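Student: I'd like a close look at one part of this model, please. Start with the backbone there, then show me what surrounds it.

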Amino acid sequence: MSNEHLETKFIHASRSVDIEQKTGAVNVPIYLSSTFHQESFDHFSPFDYSRSGNPTRQALEETIAGLEGGTRGFAFASGMAAISSAFMLLSAGDHVLVSRDVYGGTYRFVTEVLTKFKIDHTFVNMSELNEVASAIKPNTKIIYMETPSNPCLNITDIKAVVRIAKTNNCLTYLDNTFMSPLYQNPLDLGVDIVLHSATKFLSGHSDIIAGLAVTKDEELGEKLALMQNSFGAILGAQDSYLLIQGIKTLGTRLKQSTEAAHKIAAFLNDHSLIKKVYYPGLPSHTGHGIHVGQTTGAGAVLSFELNDDLVAKTFVEYVRLSVFAVSLGAVETILSYPATMSHAAMPREEREKRGISDGLFRLSIGLEHADDLITDLDQALQKAVRQK
Ligand SMILES: *Cc1c(COP(=O)(O)O)cnc(C)c1O
């Protein structure tokens, strides 16, 4: 199977479980079983208890491991469960470097939970390699990246950060949620653990909360397996099934959404009522060259800033087609307002330093027709012009 394209693998990678059973079912069965009968007194079956392993979950875990080019995959109850379980490989006294514009939940875990276990952190601008290198301390064990980041789509040079990490005996983790394995394969670039909020593009239908982790190194995989079983934040069999189904259409969905995102980014970029557009697919985007060199696509998430004479509230009131909500990576286009959603807890000055002004919106493009989305955004922008 290894020579086939990712699009082919998306469909067939999960079939192994049932093929072994020889029923021919094209879908992986949902094994709703917490425990498993053991063949004999002294010979145990491959599964014993579903926290440690479940056949449906295993099909998903093998699927994501194959798609990311790893050896072990792990399915968790949420993206945060995957991320926090991976951080639990640290010990008291360790230190981590984390992208300054990391996902809000990761920020909360690092600042409010890891600190309780005497695990220290430094937030750095991962786009500035000198800043990364000089923030490393003797006890730094992990460099944690997110690229493109949220919501301004900042780009990290993955290979360069991996190089810095290896010289300093650090592991590298990368949150690959925005790109998915379709566009970015961090393990191939030397990253040690790839993490996903599978709630987003991988499942794709705004239905489940799920997380995935993938490792290539066998020993590291064993350590994460122990953590998954000890922490116990596993994904259930039914959600594992739904996620397998979502992954089958990932290639088609994300490619169509990305094509529309390019169109919409270009439209907004030329619009007189828009101050700035953030999209890795625009040649003017900071880090565009690096992004192109380490991925095969720009993805379906973009952000834009309204001109000062527009009223953000009015704009939202007139947008008809997009769902106004948190989250991303779904079949429906989702419009988010970082200032009061993902970054509500951050003081205005801190937000604005990161480019998150009161005029900034994030748009995750779904599967609607791009022209309909453009028409809708345009009419809402016109209506939002402040009355003089
Ligand atoms: C949503 C998200 C997470 C957290 O995932 P959950 O499934 O909500 O726990 C982590 N990282 C990124 C980039 C996300 O968008």
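Tutor: Let's begin with P148, which sits in the loop between β4 (140-146) and α7 (158-167). Helices here are DSSP runs of H or I with at least four residues, strands are E runs of at least two, and both are numbered from the N terminus. The model is predicted, so to speak of a local feature we need pLDDT of at least 70, and for side-chain atom pairs 80 or more, while totals for chains, interfaces and linings use all residues. Residues are numbered from 1 along each chain as its sequence is written, and side-chain values use heavy atoms, leaving out hydrogens and water.

The bond leading into P148 is worth your attention: T147 and P148 are joined by a cis peptide bond, with omega about -5°. Stay in that loop between β4 and α7 and you will find P151 as well. The peptide bond from N150 to P151 is also cis, and its omega is near -5°. For background, most peptide bonds are trans, and most residues other than glycine have a negative phi.

That second point leads on to N169, in the loop between α7 and β5 (171-175). N169 is not a glycine, yet its phi is positive, about 60°. With a relative accessible area of 71%, N169 is exposed (over 50%; buried is under 20%, partly exposed lies in between, using a 1.4 Å probe and protein chains only). K118 belongs to another loop, the one between α5 (104-113) and β3 (120-124). Here too phi is positive, near 60°, in a residue other than glycine, and K118 is exposed at 64% relative accessible area.

Now for two residues with little relative accessible area. H196 lies in strand β6 (residues 193-197) and is buried, with a relative accessible area of 1%. Its C-alpha is 8.6 Å from that of F178, and the two residues are 18 apart in sequence. S45, in the loop between α2 (16-21) and α3 (55-67), is buried as well, at 17%. From there the side chain of S45 reaches the backbone oxygen of H37 at 3.2 Å.

Strand β6 (residues 193-197) also takes us to the ligand. An N or O atom in the side chain of S197 is 2.9 Å from a ligand oxygen. An N or O atom in the side chain of K200 is 2.7 Å from an oxygen of the ligand, and a polar backbone atom of M80 is 2.8 Å from one. A polar contact is a pair of N or O atoms within 3.5 Å; within protein, one must be able to donate a hydrogen and the other to accept it, and sequence neighbours count only if both atoms are side-chain atoms. Taken alone the ligand exposes 380 Å², of which the protein buries 92%.

Which residues come nearest? Of the 15 around the ligand, they are G79, M80, D175, T199 and K200, where being near means having a heavy atom within 4 Å. Helix α4 (residues 79-87) gives the largest share of this shell, three residues. By type, the shell divides into seven nonpolar, five polar and three charged residues.

Terms used:
Accessible areas come from the Shrake-Rupley method with a 1.4 Å probe; for residues, only the protein chains shown count as cover. Ala, Val, Leu, Ile, Met, Phe, Trp, Tyr, Cys and Pro count as nonpolar, Asp, Glu, Lys and Arg as charged, and the others, Gly among them, as polar.
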